[in-house]
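Me: Please take a close look at the surroundings of the ligands in this model, and then set them against the contacts between the chains. A connected account would be preferred to a list.

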Amino acid sequence: MSKAYFDYAGKRLLQAIVVILLSYVFTFVVVSILPGDPITNVLNNPQNGFTPDEIKEIIAAQGLDKPIPLQLWKAFSGFVTGDLGLSMRTNRPVATLIGEVLPSTLVLASAGLAVALFLAAIIAYGTQFLPRRFGQGLLRGFPSLFLSVPNFVIALVLIHLFGFQLGVFRVIEPDSFWATLFAAIALGIPISAQIAEVLIANLDHESGQDYAAVARARGLGQMRLFVMHLLKPSSLPVITVVALTIGELLGGSLITETVFGRNGLGSLVQRSVSTQDLPVLQAVVSLAAVVFVVVNLIADLTYPLLDPRVKLVGGQARRPTTTDDSSHSISKAVTP
Amino acid sequence: ALVATSGVTPTLAEDGAHDGGDVVFLIDSLGDTWIPNNSAISSFQGHIWGHVTDKLLYVDADGKVSPWIAERWEQNDSATEFTLHLKSGVTFSDGSALDAAAVVANLDIWYAGRKSEGINPIGLFPKTYDHAEVVDATTVKVFFKKPTLGFIPTLGYHGSILISPKTIASPASSQADLGKTSGSGPYVVESWKEGDYVKLTKRKDYNWGPAAVGQTGPAHLDTITYKLVSEPSLRVAAVQSGQADVAYNASPQELESLKSEGLTVATPRYLGFVNGWAINTKLAPYDDVRVRQALQAGINRQEIIDTVYTPDWKLATSFIQSNVPGATDQSALLAYNPEKAEKLLEEAGWKKGTGGIRAKDGKPLSLTLNSNPYLAASKSIDELIAQQLGKIGWKVDIRAYDVVTFGQKVKYGGAGVPAYEVTRSFIDAGTVASILTNANNGENWFALDESDKTLNDLRDKIAGAGSIEGRKPLLDELQRYVLDQGYFIPRTQIVQRIYVQSPKLKGEVYNGVAYASYYTATKSE
Amino acid sequence: MTLASVSSTPGATAIGRLRGLRAPPVVILSFLVVALAIGWSLAPGFFTHYDPVNGTPAQKLLGPSAAHWFGTDHLGRDLYARVVYGTASSVASALIAVVIGVVAGGVVGLLAGFFGGWVDTVFARLVDVLLAIPKFLLAVIVVTAVGFDTTNAAIATGVSAVALFARVMRSEVIKTRQATFVESSFLLGGSRWHILWRHVLPNASRSVLPLAVLQFGDSILVIASLAFLGYGDPPPASDWGLLVSIGKDYLKWPWLVYAPALVTIATVLSVNRISRWLRKTD
Amino acid sequence: MAPQDRLTTLSNRPSTPLLRAEGLSVAYGTHRVVSNVGFELGRGKGLALIGESGSGKSTIARAVLRLLPATGHATGRVEFEGRELLGLPDRRFRTFRGRRIGFVPQDPSNSLNPVRTIGAQAMEAAALLDEPDKALRKTFVLETFAQVGLDNPRRVYDSYPHQLSGGMLQRVLIGLAVLPRPSLLVADEPTSALDVTIQKRILDLLSALQQELQIGLLLITHDLAIAAERADSIVVLKDGAIQEAGSTATIFSAPSSSYARKLHADVPALNPDRYRLLREPGFQRLGGRREKTPKIEVAGLTKNFTVDGKVLTAVNDISFDVQAGTTHALVGESGSGKTTAIRLLLGLEQPDSGKITVGGEQVNGKSPEQLRSVWRQLQLVYQNPFTSLDPTWNVERLVREPLDRFNIGTHQERALAVRKAFVDVGLGEHLLSRKPSALSGGQRQRVAIARALVLKPDVIVFDEPTSALDVSVQADIVELLLSLQVKLGLTYIFVSHDLALVRQLAHTVSVMQRGRIVEHGTTGEIFDTPHQPYTRSLLESIPSGSARSARAQPLQQRQILNEERIA
Ligand SMILES: Nc1ncnc2c1ncn2[C@@H]1O[C@H](COP(=O)(O)OP(=O)(O)OP(=O)(O)O)[C@@H](O)[C@H]1O
Ligand SMILES: Nc1ncnc2c1ncn2[C@@H]1O[C@H](COP(=O)(O)OP(=O)(O)OP(=O)(O)O)[C@@H](O)[C@H]1O
Ligand SMILES: [Mg+2]
Ligand SMILES: [Mg+2]
């Protein structure tokens, strides 16, 4: 195992680095498609009364008239050496800006993930114990429903119901415990649906496996069968799925933070996008990519250690089961 | 200690309201950079600067200029030299004195900025500035290359905020940190977070407020917190439920019911142009005066106020706000008269075709509107106007850009911009005429260049007018001419700042650019 | 093992299977909802006589009633008419997004999976980049770069879905490529292209279909979210997301939010149910 | 209570049968798959349920164990030691599971939880013993592992399922089933997933345990020979209904129903000479024209694979010839290199050394493009008809594909050729428009053969073409192949691990072991006078059907183990 494992780990690590660097370049190219930036924008606003000469002078002083590849190279070399540069919009160091908002987003994302896992577990594991006809159909319907409700509608409803109608939290203190909890619920609901779908598919798959029948024939009750046999194999693949939802936790925070008035990465992006503050956007995207890649790297590296079914072949991890015949598209889409 | 010569003795407000209290002000944005030069004219950051910094002069809601840090001022006959006499004993929050040297430092940076560092000049500061000299600790002499009558009003404009020389000397990235900037205002920044909040606490030793607001001593409220909540409905709901004291920029439609709930609603108007379109006369068919006049008559302005706004909004009576000194009532030119509009269009050769759209030479009568991203109700008004114009045969397309794209693509006289939507304040109506044309760095709003003799004539006469009285009839003439020619199509008088306020909070004042100052306000329990 | 599938009728289409009444009632209901949405987008005038753009300003902000099923908006327009007329753009833009995702992702996945080697490596890293950037963030950045309107939002949504389809397609292709029947066709004289187009693509596409349907629902939501943040078409367009976004500024009149939101939810939910059912019956 | 005591108490009541089913019917939803089945099984006796695939065998087993899926519904009576089982509430029935009724599943690889150690799962079974001491329970587990012939019980105990071979896993499963000393053991095709050699060992083990522990055995199989060897009585099922039931001797020697007779006739092991006539021409060719160059020549073929840095020789210096118009069989246990050998032969893999000629053309060292002309003459039929046909194509297109690809004939000619091939393999034309999923396994394999035949190749290679099929379907296909050989003079290479089948149809045989050909000769030579012990052990594994002959040696270890346990 160990040599194969190190081959695998090394290969994944290298991939991760390449992906992070590429994502930096990618963002630069995409954002550079549209001309414009916060500085020229301010200068061009006639209300501000700048003369054409002044505009030219300031743009040249900022190096904004340099060719795009040159600007990319400058920014990229800075990035590689750990210098994220200055925000064009606020004139403050990008690292400071991100440092200010990161904790809030991390709290929200972790809380959102916790909510998602909690809901998913209740729904998925609930299906194992509720009577098939009545409760199960209901529970099994939840993921579809959760996936169909726009994130912002959930957020608006929660904030109006709990923030104003019931007064559970003060809307202007979005970092308080209760406000964070409800924001996390808004963020976590769609994600819980994805996790629950995969969990349910896995549970159905595993409980349809021969070993479950054999264990039942050995006299195990439903509870013991679930705890001793089904829980682990059906929950392990969720690690991979959860790692993949990191992106959605960060992306979803864009809306959740906006609606709940939280000041986090998501709202920073929103402010930067509307002014095309390239250095910040690049740093945030790269950071998101780093987080995503690292989390997935960790998931991919620990998964083979946790699940004895995984085989490492030629630098790739293969799980010789079977989510195939449950042919569940989400789990399919996400199992590497 | 020195006592201001012309100040009201600082006391508590006479009505017995008490000191103390914390105010939470919900705002939809906290703007971008905090480098004072670059941010002072931001319509969001202006709220904070108004409390943290002082200005040399004060301009009230009616455009009246009165002393503040400058107690008196003189100018030479050719308006090229000005002498400012400063209040003594004024200090910045970092302890340094607001003396003549500090004022010179400020004037210099307003004029020139430090471009290589990314500190911009104040764009509206007179470009004719030459230099300023310290005469003594409380006297500054300012020199201009050319006559500059606008200098004095400019000192009360929101861009002209006084900052500690230490701050001015610090590098841009340090200036960008609001917490490190020192002003001389009644409040200081206690803490702040980009995109989140700014918390101000009162400065106990403040003693140099503008006499015009009836108070010169320290403020009453202990703290003011500007908190960013980007959803308008949430801001209002938070004030309704008592979680905050002021909601900025509420949706106009909600105001009536908010008032009936007992909340204070303020819709101060700034001094400036009304909200309306500057028409691009280079672009067919708007090169035809009949089409422009049809447009002028085809808009039902009352319906805009009834539908999108509330009675707090005023009908436009000219193309400048009616509170601007010198504004005259031209309502007759702005009456809704669809029959007249249709007649004008028929005369101009635009015949109704399929679907009720008028056309000439196979081309439809079209109007592209670029909704102004700085005014929340703009899109709704555009939609409503599209309906109104649609009835008389106009095909109206609406485009909405974000702030950046708007800045890039939508310009006066631009190829795809038949009508540029104006939201713009100014301090002195005398400057208006030159903005409209292209003389002296004018902005050439109607793309007329030098072609309109009448307009150029009026411009020159207004610029050369010796007194306010003598200028008045000329301004009236200008307003009538511009509206009659259909160069400017007003929509409504503009209220760019809407405040919904808890009834507990009283006594705030609104200045000439419609900012609320809570320096004088008190809060009851 | 495949005994159950022996009985399934040959060449059965989804509709055929539906008619065979083997679809549960929920799925039939879902098809009806989707059919209604399609009806709205094809012939909106057939479903309402109100004008979606020109209203009666005097009748603004009326509550739902027999005359105005969903009430009226701030300019006195019938909200039901606005929802109905907004369907075409909402549905079409979601379709654009899916088509972009499926075609671009499909081609990338197909080529990467089929050719393997460096082609795979290059595509895999590109897909990894798209995957590593949070989907919604990617959509926001792309829509900013290409400009705000609904079509661009659809393009952005499509781009953000490319990675998903590329990944699924690739793994399906790899699975299919190793299938015995592919080698068998090879032995029977099939060329690479023949095998790619005739065997690998159809087989790999089978699991892409339910995913595409699912993505259709998801795209409606993403585009609505983009519209909510103001990255879609300007008014008087009436895309569902835009309607919710406008409605949220008028929360005193909650139907302005709830009516379009419920229509969106019902449609997406139906689409999801259909996708799930396709997945099961495949 | 020690296990032995219970054993005695139970045998005190001989009057009621151990298991009795009466009027048992099972439906999945509204679809009835078992109707009105009844049988009786005595203590310590063996009963075999046999029948073709889908006849309802597993369904009956699951009904008895009450493991039917939620859609399944059983009616009728199932009595265990006189107690009706079907009506019992779940909680009450649970006390029967494991403790009194053990279960050995079909597929060992999938019957143990892959993420838990064998030991953890064994302790679950051990928990059914009335033994409070955990350490002692573990001892019992290890003893049982030894008892079922696992060499290193401790290692097995600590292993995960994927670390053990199929045979070991099946032993573990049997061990777990017998550990709580049940009085009834239900075994659902316990060996069909295993190698022939291991199959025999497992069946021996089950028989031995049955005798030693007086366990009643309900054995499910589709192999009549196995049933005959291992059971006292047999129930023959078809379409969920009983065709015939009775003592093994009667049914085996004198089947009364036509279905049972056909079943009997179709088992290769029982009828080694069934196709004698059809094979005769091949033997003649073999004897007559030896001097002519053979159709297929394989010389010194070697193939290595490198897996994780280790070199594995899959095929090691093998050589054989096949005369035109004859069938050559490659036999050997799983992993012996059979498939690799034929993939080399077809040019799908390149050998490391050696030479292959087919019909005078060299195969090795050629690119796929160059091989097209060879493939025109050389076709492969895969082991698994479920995966070798593209599920999205219809049958007609599938059969026509090689003609289209090789551009043979006009459009009409192709259509005609497809129909002819269809008739050749005995399929009705009404099937032409169907997709593979709408065909039975036998039909699919015929389609696969039709695809190979339509090109009119000289040589067809079969990789275990019938191992996924029922005996009766298998018999049909074998008959078809042999008659085609007679008619068209085809040359076959036939890979199988089923020696009985090979004996029925091959002319020459190569026996492979670990990549080498260890023995080579005509069918007669190999089967009558095997030289290698490996070949002999393969031959011995063929179930002969000679009833009860193979009942195993007593478990010698048992005495000692019991003494240890008491100590
Ligand atoms: N869960 C199920 N739902 C519906 N039908 C089923 C189910 N399981 C089995 N069947 C059907 O019941 C019939 C009997 O199946 P069963 O598995 O008992 O046959 P079998 O004799 O064990 O076959 P094999 O030899 O292939 O194992 C078949 O037609 C099968 O398709
Ligand atoms: N592509 C490959 N890469 C690595 N090892 C292989 C490959 N193909 C076969 N092997 C190994 O070569 C050996 C022979 O395999 P082969 O498939 O030829 O056996 P077989 O006799 O056909 O077995 P079975 O009866 O199970 O089909 C096995 O150990 C197998 O694991
Ligand atoms: Mg079975
Ligand atoms: Mg093989």
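Reply: Around ligand 1 there are 13 residues, with Ser53(D), Gly54(D), Lys57(D), Ser58(D) and Thr59(D) the closest; a residue is placed in this shell if one of its heavy atoms lies within 4 Å of the ligand. The model is a predicted one, in which local features need pLDDT of at least 70 and side-chain atom pairs count only at pLDDT 80 or more, while totals for chains, interfaces and linings use all residues. Residues are numbered from 1 along each chain as its sequence is written, chains are lettered from A and ligands numbered from 1 in the order in which they are written, and side-chain values use heavy atoms, with hydrogens and water left out.

The site of ligand 1 is shared between chains, because the residues that surround this ligand come from chains C and D. In chain D, helix H2 (residues 57-65) gives the most to the shell, with three residues; helices (H or I, at least four residues) and strands (E, at least two) are DSSP runs, numbered from the N terminus. By class, the shell around ligand 1 holds four nonpolar, six polar and three charged residues. In this division Ala, Val, Leu, Ile, Met, Phe, Trp, Tyr, Cys and Pro count as nonpolar, Asp, Glu, Lys and Arg as charged, and the others, Gly among them, as polar.

Polar contacts, meaning pairs of N or O atoms within 3.5 Å (within protein, one must be able to donate a hydrogen and the other to accept it, and residues adjacent in sequence count only if both atoms are side-chain atoms), link ligand 1 to chain D through both backbone and side chains. An N or O atom in the side chain of Thr59(D) is 2.4 Å from an oxygen atom of the ligand, and for the side chain of Ser58(D) the corresponding distance is 2.6 Å. From the backbone, an N or O atom of Gly54(D) lies 2.8 Å from a ligand oxygen. Of the 640 Å² of accessible area that ligand 1 has on its own, the protein covers 68%; accessible areas come from the Shrake-Rupley method with a 1.4 Å probe, and for residues only the protein chains shown count as cover.

Ligand 2 also has 13 residues around it, and Ser334(D), Gly335(D), Lys338(D), Thr339(D) and Thr340(D) come nearest. Strand E11 (296-307), strand E12 (310-322) and helix H13 (338-346) of chain D each supply at least two residues of this shell, and H13(D) gives the most, with three. The shell around ligand 2 divides into four nonpolar, six polar and three charged residues. A polar side-chain atom of Thr339(D) lies 2.5 Å from an oxygen atom of ligand 2. Polar backbone atoms take part as well: Gly335(D) has one at 2.8 Å from a ligand oxygen, and a backbone N or O atom of Gly337(D) lies 3.0 Å from an oxygen of ligand 2. Taken alone, ligand 2 exposes 630 Å², of which the protein buries 63%.

The contacts of chain A may now be set beside these sites. Contact, meaning heavy atoms within 4.5 Å, joins 52 residues of chain A to 44 residues of chain C. Chains A and C bury about 4200 Å² between them, 73% of it on carbon and sulfur atoms; buried area is the accessible area (1.4 Å probe) that two parts lose on being put together, summed over both. One salt bridge is found across this interface, a salt bridge being a side-chain nitrogen of Lys or Arg within 4 Å of a carboxyl oxygen of Asp or Glu. Arg276(C) forms a salt bridge with Glu197(A), with the closest N and O atoms 3.6 Å apart. Five residue pairs are in polar contact between these chains, both residues at pLDDT 80 or more. On the side of chain A that touches chain C, H1(A) gives the largest share, nine residues, and the classes are 32 nonpolar, 16 polar and four charged.

Between chains A and B, 45 residues of chain A and 51 residues of chain B take part in the contact. Here about 4000 Å² is buried, 54% of it on carbon and sulfur atoms. Three salt bridges cross this interface; among the pairs so joined are Arg89(A) and Asp32(B), whose closest N and O atoms are 3.0 Å apart. There are 13 residue pairs in polar contact, both residues at pLDDT 80 or more. H2(A) provides the largest share of the side of chain A that touches chain B, five residues, and that side has 18 nonpolar, 20 polar and seven charged residues.
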